[in-house]
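Please work through the exercises below with the sequence and the coordinates at hand, trying each task before reading its solution.

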Amino acid sequence: MANIQPYIDLKKANFTISTLILLTNFYFIPFSFITIKSSGGAMGYGLLILPISLSINLLTLSSVLGYTIKYKKSIGLLILNSIGLVWALFWLWLLLTIPKMD
């Protein structure tokens, strides 16, 4: 029997998605700190985005697990990180494209 390689290499996929999650957190970690420091702005409405931002910050933990030897071939971690990446990219796109009301 020939050695059949899977269509998707799980190590490369986990590494790529984990790297993209860490890159999106370069925006969301300072965003969370600034929101907490400013108490959500003048009337506190900025605190409404904080649960979303903190959930994206928690994805850092699962993305760091994607670099460890034990979880490099984990399909569950790949699915979790993929869903988290879509979630993070959606909110990143939304926050960067919608103009602020000053």
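**Exercise 1.** Decide whether Leu 20 is buried, partly exposed or exposed, and locate Leu 20 among the helices.

*Solution.* In this predicted model, Leu 20 belongs to helix H1. Its relative accessible area is 36%. Since buried means under 20% and exposed means over 50%, Leu 20 with its 36% is therefore partly exposed. As a further step, take the C-alpha atoms of Leu 20 and Ala 88, which are 68 residues apart along the chain and are separated by 9.7 Å in the model.

**Exercise 2.** Describe how H1 and H3 pass one another, giving the angle and the distance between their axes, the handedness of the crossing and the classes of the residues in contact.

*Solution.* Begin with the axes, which come within 9 Å and cross at roughly 35°. The handedness follows as the next item, and the crossing of H1 with H3 is left-handed. The contact itself includes Leu 20, Ile 17, Ser 18 and Phe 28 on the side of H1, and Asn 81, Leu 85, Ala 88 and Leu 92 among the residues on the side of H3. Sorted by class, the contact of H1 with H3 has 18 nonpolar and five polar residues, and no charged ones.

**Exercise 3.** Determine what surrounds Ser 18, and whether Ser 18 is buried or exposed.

*Solution.* Ser 18 is placed in helix H1. Because its relative accessible area is 0%, Ser 18 counts as buried. If neighbours within four places in sequence are left aside, Ser 18 is in contact with Ser 63, Gly 66, Tyr 67 and Asn 81. To one of these, Ser 63, there is a polar contact, in which the side chain of Ser 18 reaches the backbone oxygen of Ser 63 at 3.2 Å.

**Exercise 4.** Carry out the same kind of analysis for Thr 35, stating its accessibility and its contacts.

*Solution.* Thr 35 also has its place in helix H1. With a relative accessibility of 8%, Thr 35 is buried. When residues up to four places away in sequence are not counted, Thr 35 touches Gly 40, Gly 46, Leu 47 and Leu 50.

**Exercise 5.** Characterise the packing of H2 against H3 by its angle, its axis distance and its handedness, and then name residues that make the contact.

*Solution.* Helix H2, which covers residues 50-65, and helix H3, which covers residues 75-97, have axes 10 Å apart at an angle of about 145°. Their crossing is left-handed. Among the residues that meet are Ile 52, Ile 56 and Leu 59 in H2, with Leu 80, Gly 84 and Trp 87 in H3. The residues of this contact divide into nine nonpolar, five polar and no charged.

**Exercise 6.** Examine H3 itself, asking what its span is, which of its residues are buried and how its N-terminal end is capped.

*Solution.* From its first C-alpha to its last, H3 with its 23 residues reaches 33 Å, close to the 33 Å expected at 1.5 Å a residue. The buried residues of H3 are Leu 77, Leu 78, Asn 81, Gly 84, Leu 85, Ala 88, Trp 91 and Leu 92, and what covers them includes helix H1 and H2. The N-terminal end of H3 is capped by Ser 74, of which a side-chain oxygen lies 3.2 Å from the backbone nitrogen of Leu 77. Ser 74 is located in the loop between H2 and H3, and it is partly exposed, with a relative accessible area of 21%.

Definitions and conventions:
Residues numbered from 1 in each chain as written. Predicted model: local features only at pLDDT ≥ 70, side-chain atom pairs only at ≥ 80, totals over all residues. Heavy atoms only, no water. Axes fitted to C-alpha atoms, helices over the stretch in contact; angles between N-to-C directions. Helix = DSSP H or I, 4+ residues; strand = E, 2+ residues; numbered from the N terminus. Left-handed = near helix turned anticlockwise from the far one by under 90°. Contact = heavy atoms within 4.5 Å. Nonpolar A, V, L, I, M, F, W, Y, C, P; charged D, E, K, R; others polar. Expected span 1.5 Å × (residues − 1). Buried < 20%, exposed > 50% of the residue type's maximum accessible area, 1.4 Å probe, protein only. Polar contact = N/O pair within 3.5 Å; in protein donor to acceptor, adjacent residues only side chain to side chain.
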